[in-house]
Each structure stands twice: as structure tokens, then as C-alpha cells.
Amino acid sequence: MSISLGACASSGAAGATVAAALQFFAAAQCLLNEPYPRQADVTDGAHFDFIVVGGGSAGAALAARLAELPHYDVLLLEAGPDPPTESIVPGLRESLKGSRYDWNFTTVDDGYSSQELEGHHQKQPRGRMLGGSGSLNDMVYARGHPVDYEEWARVAGSAWNWTNVLPYFMRTERMTDARIVNNTELMQFHGTRGEIEVSGAAATDAPNTKLLNAFRELGFKLVDDMTYPYSIGAGRFSHTIRSGRRDSSLTALLNKVHNNNLHVLKNTLVTKILIENNTAVGVQALSDGKELFFYADKEVILSAGTFNTPKLLLLSGIGPKEVLAEFEIEAVQDLPVGEGLQDHVMVINFLAAENGTCERNERAQAFDVIKYLYDRTGFLSYSDSIGVYMPQNNKDPHVPYFAIYPSCVPQALITQQQCTSILGYTNETCVKLVKENEQYEIIVLPVVLLKPRSRGKVTLHSTDPTQNPKIWSGTFSDPADLDEFPDAIQMALSLMNTTYFREKAAHVVDITPAACACEEGAARLASVSCACAG
Ligand SMILES: Cc1cc2nc3c(=O)[nH]c(=O)nc-3n(C[C@H](O)[C@H](O)[C@H](O)COP(=O)(O)OP(=O)(O)OC[C@H]3O[C@@H](n4cnc5c(N)ncnc54)[C@H](O)[C@@H]3O)c2cc1C
């Protein structure tokens, strides 16, 4: 279904009555319009001081900050268009995954990990629009832990240590979450005068309160600030949501720039960095089928995301010499570009429990749409996601190593199509899950390894700049990552032994594929790996 909204773009991807009704109202009133920067009028061959490639979370912030300096001319090049309405409405964020606003990256089958996912590959959604992945992400306000920045500083210099990065977090942030604002201890690490709003959930979901209480029964401390560096536990996240709308470096920074020294060119794919005498002097780009060249008198800044930044460097002759030779790309510099890819590893586990466990029905009905459009409140206006952080065994108890992101799904909500397209499981696994959900409510327990030792890499499928790069996830390539996973999963599943979930007859949904039924450890890791953890 696709409804034309005139000036208010829509992916038509949200599906179902809610999106249709929302789009209807939005079309009528254009209530959800954002003041995105207009398309720049620049000529082929033009010179700028800075060229920023990629208008995502980083690029939008960078271009906006550079444009604060009136004596510089800044060109921001973004491959995608303005975000659609669904990006702005917090409750519709899931609909953008897999749409034309997603690069739809997938990892290759390494014959080892992700064997229970369809095609043996992981889906890696990333935003292809202004605001980038920051226009489709979950809006959870998260930071690295201080020890992460100290590690960065050891590699990249002291500018990246915790003491030096904290003022930038505080400067950008407009903290309004009452749990944090009213606590002087927590406020040491937050700002209230920045551009990006960080708010508490406008409403709290009853099942999340049950889940948090159950984790408290398991011994976890309940915390008010999930970014507080010196005490970890279970709690509600704060979110980058302002008055019921997504806030991001796009909406809070780039959209606010009115200086005419910022030029934003959308729907423009940068295909190559132009290099002369070992210096980046400009870029080659593709817009509406036309090849364009732009030049930077000071710097070309790449912020094209985790996968497309190395792709662009490789296409420009900067990368491992073997890769450049394989694709017959003229080598400019032999550097380990694309190597050392690291990503959180997620193993999703499911408990089934009696109806009524989640204490709610599907709530996104037409009434929610009206409520949202009337005063930006109700189900569509907020996110009440929760998390649980766990340290590594015998290590600093204040540093998260695993995270659990629990949620409760009412009966008969998971469809075969959603299961295969969002979770990415095979048909066989989805049949089991959907069948279980027909009878029971499902508690979803994704367990995430936050600091894997495994490394993957990004390389090329071809020299065609319009083709997505080749991504080796490297998941579990270092067996040490398997060591503590079974215990972390066991901890998540032990939720079924807590008072509330025991009363609701919670039990494990067994989605173990036949190929993985060999050993206990493997069964527990079935959703990402058939490697036997012993
Ligand atoms: C599904 C999902 C949920 C997430 N949830 C959260 C969350 O709740 N909280 C959190 O803190 N983080 C979250 N993240 C992570 C966070 O969104 C990213 O870390 C962040 O957006 C990355 O910013 P970036 O600027 O590096 O890349 P991106 O934001 O991805 O930006 C890259 C930009 O470059 C553009 N581009 C790429 N190639 C080219 C080219 N050749 N020419 C021109 N433009 C190009 C892209 O279209 C894109 O706009 C989530 C990520 C995903 C994918």
C-alpha cells in the first residue's frame, strides 16, 4: 500500500490500518512536516572549504557544526532523500527496516555463524536518508562506558579519553528525563542546554514494570540512568524523543541551520574520493544519472557509516593491496581498510507464558493515531524500552559485558512474514514461533554480547559503486566469545523462575534446529551459531 502525501513523504512501508490512518491525517494536515534542508543549487565542478560525505548521525552533526563558522562553505552529500513520516513517529520506527530508506545490507554466509537465519546471513539495516541510521534507530540514549573511551584513547590519542569526550555529550544534550534531572549525582554527567532532547518515557508499559521487577528478584539493581558509568543494572532507557517526535542530529542540528554557507545535496551517491599527491581534493558523485565532481579546498570528511565508508575508501584506492589488486583498482595507499569490523552479537531467546502476562492487547488502533495527531501523546508518541546490563565474570562489576533487551508480545501477534523479515529466521523456525504465539504470549529475550573479540571485515563484491559492499560478520570467529554466552542466556531464561512468570507458567520456546541439537551449549546458541559451545 502506498499513499501519496504530496509534500509529506511516506515509505508506505508501515503497513496496516495504523499507518494508513496516520498517513491520511498527515496528508490532510501535513502535521508531521520537518524543516529539512532544501536541495542545494550547486554546479558541477564547484569548490567548497569542506565536503562531508554522508548526512547520517555523524555527518549531519558535523556539517551543522562546521556551518556555524560563517567563513567556511560546507557541502554535505547524502545518498538518500529526506526521511518519510514514519521516521518522525516513534511508534512507527520498525516500519523503515527493509524499506527503500534502508541500505538493506546483509552479511555473507561464512558457513559457521548465523546458520539458523534465512540464507545463513544477518540482515544489517542502515538508514539511507538524511539523518542516516539516526532516522530509523530505536532512539535509545546510549553512550560507551568510560573504559571504552580510555581504550580508544590508547589507540587514537588522549582527545578520545572519557574526560575529553564527556563535555561533548553534555554540550549536545538537553536532558529532560525527570528521573535524572532531579538527581544531582546523575546530573554530573548530563547537560540541559544542548540541542538534542533526551527524555523519559511519556508513559510506562505495564509488562516492562513486571519484567524489571522480575530482574530485581534475580538480584539485579534497578537503576534510573542506564548511562550512569558507576552502577549498572536493570532499568528504563531515556530516549532522544522531543514532544512525541524523533530527535536526532538531523532534526536538532542540521534542520536548524539557516546559514547560506551550508549546501546539502540529497539523492547524491559519492562514488570516489579524488586524490592528488596523496591528498583528498574532492569527490566524484552520481546524482540523477549524472556524474558530478566537487572540490574541497580544506578537507573531505567521510561519514558514510560502518559499511559504506570502507567501501568508498577501497573504491578510491585506499585499502589492503591484495584487495585493490583483486579488483584492479589503482592503489593509492596500502592500509588495512575494512578490517577489524566488530559488532554486538545478539542471540534471541523466547519464553512462552499464559495469556494476560503482557497485560495488554495490540494497542496501535485508529484511536492512537487520532490521539497522536491531536496532541502527540499515546502509544505512537513514545518508546519505553528497557534493558539489563551484566558484567563479565570476575571482571569490573560496573562495566557492562552483556545486555538483555526484554519485551513482551501479546498472543497471536507474530506473523510468519514478520518473523522471517524482521527476525530473519528460516521458515521452519518461524513456523514454531508463530505456532507458540497462537497459544501463548511471548517474552522476547535478546541477549547481546557488547564487547566481542571476534572481528569481521568489509570488502567489495565488485567495483560498481552502486552495489553494497561484501560484509563478513566474523561472528564467533574468536571462540572466546562463546565462553560466557550460555551463562548469560541461562540468566535471561531464569526469568521464568521468578514469582510473576512462574505464576504465568512461563516456559522456554524451543526453536533449536535439528542441526544444532548436538550439545547443550550449541542448543542455547542456536539462533546465531551451530558452533558447539560445550
Ligand atoms: C536498527 C538500528 C537501531 C539502532 N538503535 C540505536 C539506539 O537505540 N541508540 C543508539 O545510540 N544507537 C542505535 N543504533 C546505532 C546508531 O544509529 C548508529 O551508530 C549511528 O546512526 C551511526 O551513525 P553514522 O553517522 O556513523 O552512520 P549513519 O547514520 O548510518 O550515516 C551514514 C550516512 O551516509 C550515507 N551514505 C552512505 N554511503 C554514501 C555515499 N557513498 N554517498 C553519500 N552518502 C552516503 C547514508 O545514506 C547515511 O545517511 C541503531 C542502529 C540501527 C541500524
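Reader: Leaving aside neighbours within four places in sequence, which residues is Ile443 in contact with?
Author: In this predicted model, contact is counted between heavy atoms within 4.5 Å. With neighbours within four places in sequence set aside, the partners of Ile443 are Leu211, Asn349, Phe350, Leu351, Ala353, Thr357, Ser407, Cys408, Leu495 and Phe501.

Reader: Which element supplies the largest share of the largest nonpolar core?
Author: The largest nonpolar core has 33 residues, and Ile443, Leu445, Phe485 and Leu495 touch the most other members. At least two residues each come from several elements, including β17 (345-353), β21 (441-449), α16 (485-493) and α17 (499-503). The largest share, five residues, is supplied by α16.

Reader: How many residues make up the other core that lies apart from it?
Author: In soluble globular proteins, nonpolar side chains tend to be buried together. Here a further core, lying apart from the one just described, has Val53, Leu265, Val300 and Leu312 among its members, and its residues number 27.

Reader: What share of residues 305-319 is helix?
Author: The unreviewed UniProt entry places the feature "domain: Glucose-methanol-choline oxidoreductase N-terminal" at residues 127-150 and 305-319. In residues 127-150 the end C-alpha atoms lie 29 Å apart, and that span is 21% helix and 0% strand. For residues 305-319 the end C-alpha atoms lie 17 Å apart, with 13% strand, and the helix share is 73%.

Reader: How many contacts does the stretch 526-534 have beyond near neighbours in sequence?
Author: The protein chain averages a pLDDT of 90, and 89% of the residues score at least 70. Over residues 526-534, however, the pLDDT is below 50. Where pLDDT is low, the predicted coordinates should not be read in detail. With that caution, the number of contacts of residues 526-534 in the model, beyond near neighbours in sequence, is 38.

Terms used: Residues numbered from 1 in each chain as written. Predicted model: local features only at pLDDT ≥ 70, side-chain atom pairs only at ≥ 80, totals over all residues. Heavy atoms only, no water. UniProt positions renumbered as here; feature names shortened; annotations may be inferred. Helix = DSSP H or I, 4+ residues; strand = E, 2+ residues; numbered from the N terminus. Core = buried A, V, L, I, M, F, W, Y, C linked by side-chain atoms within 4.5 Å. Buried < 20%, exposed > 50% of the residue type's maximum accessible area, 1.4 Å probe, protein only. pLDDT = per-residue confidence, 0-100.
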